Amino acid sequence: MTDPVTGPALPSTVRGPESGTPIILLHGFGGDTETWINIRVALEGRHRVIAFDLPGHGRAAGWPEIGNARISSRAVLQSLEAMDLSRVHLVGQSMGGATAFLVAAKAPERIASLTLIAPGGFGPEVNHRLLRRYAEARTQAEIAPLLEQFFGDTTVLAPAIVRRIEAARAADPRLVENYRAISETIVTETGQPELKREMLATVNYPVKLIWGTMDRVIPVSQTDGVPPNVAVHRLPGIGHMPQAEAPRIVYRLILENVAAGDGLAAGRAG
């Protein structure tokens with residue numbers, strides 16, 4: 001069991017029925033709950049869905065402690081405790097994937113399933129220059145060419161997305177300062193800190209790993225050598241944002257993992 005944690009919950013968007021084990025969505029670096037809008041809307045008809053703003057992002061721009069995935073994982077665990085969520089399905093992308101991994105490592109008894117989308121920390125390689133430049137960008141002219149590099153299929157990158165990011169950063173100047181500070185904790189000039197992914201070999205819940213083959217932020221080669229119990233899905237032609245580029249596929253894969261986790265729980269209860 002993890003040590004008790006106390007404090008307020010992170011800002012969140014909560015949708016769907018109150019019954020059943022909730023699905024927690026954790027966004028990546030520089031994102032917010034809107035990162036998940038396609039997936040959230042698809043899931044909320046059948047499941048309770050909770051999308052958190054991670055520390056330093058979105059409505060959590062003023063969170064008292066910001067930094068790498070370890071800091072975010074503490075905030076998520078605190079939030080689960082504050083919301084009295086004893087068991088959850090965790091879904092995380094990029095930095096949110098690393099955060100989800102660490103939450104699962106610290107509190108395995110809370111996890112019904114784990115779905116990781118191009119998570120940080122599965123290998124040393126990362127496009128640190130892109131992440132640092134994206135952290136600093138303020139205008140549409142600066143944001144658009146950087147954001148394109150997060151996508152394999154840039155046709156899904158609507159101008160409205162770029163405008164929304166510019167507007168958010170203009171409305172709350174803390175965001176750019178936060179992103180700059182956070183980027184210094186998640187990447188170095190030589191790469192990124194690595195997670196102990198071998199931990200996944202011993203878990204008693206289903207794990208899926210989803211990655212785009214055209215990811216220019218974190219290479220898909222980091223799917224190589226994961227424990228054999230991890231289901232790996234490499235999506236051809238997709239970049240670092242599968243939830244935006246291939247939402248129907250990602251939605252189906254999340255549902256598969258959620259159903260498997262619920263089935264295991266029902267079997268143990270029976």
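This is a short guided tour of a predicted model, to follow with the structure open in your viewer.

**Stop 1: the whole sheet**

Start with a cartoon view and colour the strands. You are looking for an open sheet of seven strands, and their order across the sheet is β1-β3-β2-β4-β5-β6-β7. The pairing in this sheet is mixed. Strands of a sheet pair through backbone hydrogen bonds, either parallel or antiparallel.

Now select residues 12-15 and then 230-235. These are β1 and β7, the edge strands, and each of them pairs on one side only. Turn the sheet slowly and follow the twist, which averages 15 degrees from one strand to the next.

**Stop 2: strand β4**

Select residues 88-93, which make up β4. Is this strand mostly covered or mostly exposed? The model shows β4 mostly covered, with six of its six residues buried.

Show the side chains and look at the two faces in turn. On one side are V88, L90 and G92, and on the other are H89, V91 and Q93; every one of these residues is buried, so both faces of the strand are covered.

**Stop 3: the neighbours of β4**

Keep β4 selected and add residues 23-26, the strand β2. Four bridges join β2 to β4, and the two strands run parallel. Within this pair, I23 has H89 of β4 as its bridge partner.

Next, add residues 49-52. This is β3, which runs parallel to β2 and is joined to β2 by four bridges. To see one point along this pairing, label L26 and F52: L26 stands opposite F52 in β3.

Go back to β4 and select residues 111-117 for β5. How many bridges link β4 and β5? There are six, and the pairing is in the parallel sense. Two pairs are worth labelling here: L90 stands opposite L114, and H89 stands opposite S113. H89 is therefore a good residue to keep on screen, since H89 is the bridge partner of I23 and also faces S113 in β5.

**Stop 4: strand β5 and beyond**

Now look at β5 by itself. Like β4, β5 is mostly covered: seven of its seven residues are buried. Add residues 207-212 to bring in β6, which pairs with β5 in the parallel sense over four bridges. In this pairing, T115 has K208 of β6 as its bridge partner.

Select helix α3, residues 95-106, together with β4 and β5. These three elements make a right-handed β-α-β unit. Trace the chain from β4 over the helix to β5 to follow the crossover.

**Stop 5: two loop residues with a positive phi**

Most residues other than glycine have a negative phi, and most peptide bonds are trans. Two residues on this stop have a positive phi.

Select D84 in the loop between α2 and β4. The phi of D84 is near 55 degrees. Then select S94, in the loop between β4 and α3. The phi of S94 is also near 55 degrees.

Switch to a surface view. Which of the words buried and exposed fits D84? D84 counts as exposed, because its relative accessibility is 68% and the cut-off for exposed is over 50%. S94 counts as buried, because its relative accessibility is 10% and buried means under 20%.

**Stop 6: the largest pocket**

Rolling a probe the size of a water molecule over the atoms shows where empty space is left. In this model, the largest pocket holds about 930 Å³ of space. Which residues are closest to its centre? Select G28, F29, G30, G31 and Q93, the closest to the centre among the 50 residues of the lining.

Now colour the helices. Those that give two or more residues to the lining include α1 (37-43), α4 (128-136) and α6 (159-171). The largest share, six residues, comes from α6. By type, the lining residues divide into 28 nonpolar, 15 polar and seven charged.

**Last stop: I186**

Finish by selecting I186 in helix α7. I186 is buried, with a relative accessible area of 14%. Add E148 and draw a line between the two C-alpha atoms: I186 and E148 are 21 Å apart in space and 38 residues apart in sequence.

Key:
Residues are numbered from 1 along each chain as its sequence is written. This is a predicted model: local features need pLDDT of at least 70, side-chain atom pairs count only at pLDDT 80 or more; totals for chains, interfaces and linings use all residues. Side-chain values use heavy atoms; hydrogens and water are left out. Buried means under 20% relative accessible area, exposed over 50%, partly exposed in between (1.4 Å probe, protein chains only). A crossover is right-handed if, with the strands pointing away from the viewer, the path from the first strand over the helix to the second runs clockwise. On a 1 Å grid over the protein atoms alone, a cavity is a set of points where a 1.4 Å probe fits but cannot get out, and a pocket is an open set with protein on both sides within 12 Å along at least five of seven lines; lining residues have an atom within 4 Å of a point. Grid points are joined across faces, edges and corners, and a volume is the space filled by probe spheres set on the points. Ala, Val, Leu, Ile, Met, Phe, Trp, Tyr, Cys and Pro count as nonpolar, Asp, Glu, Lys and Arg as charged, and the others, Gly among them, as polar. Axes are lines fitted to C-alpha atoms, for helices over the stretch in contact, and angles run from 0 to 180 degrees between N-to-C directions.
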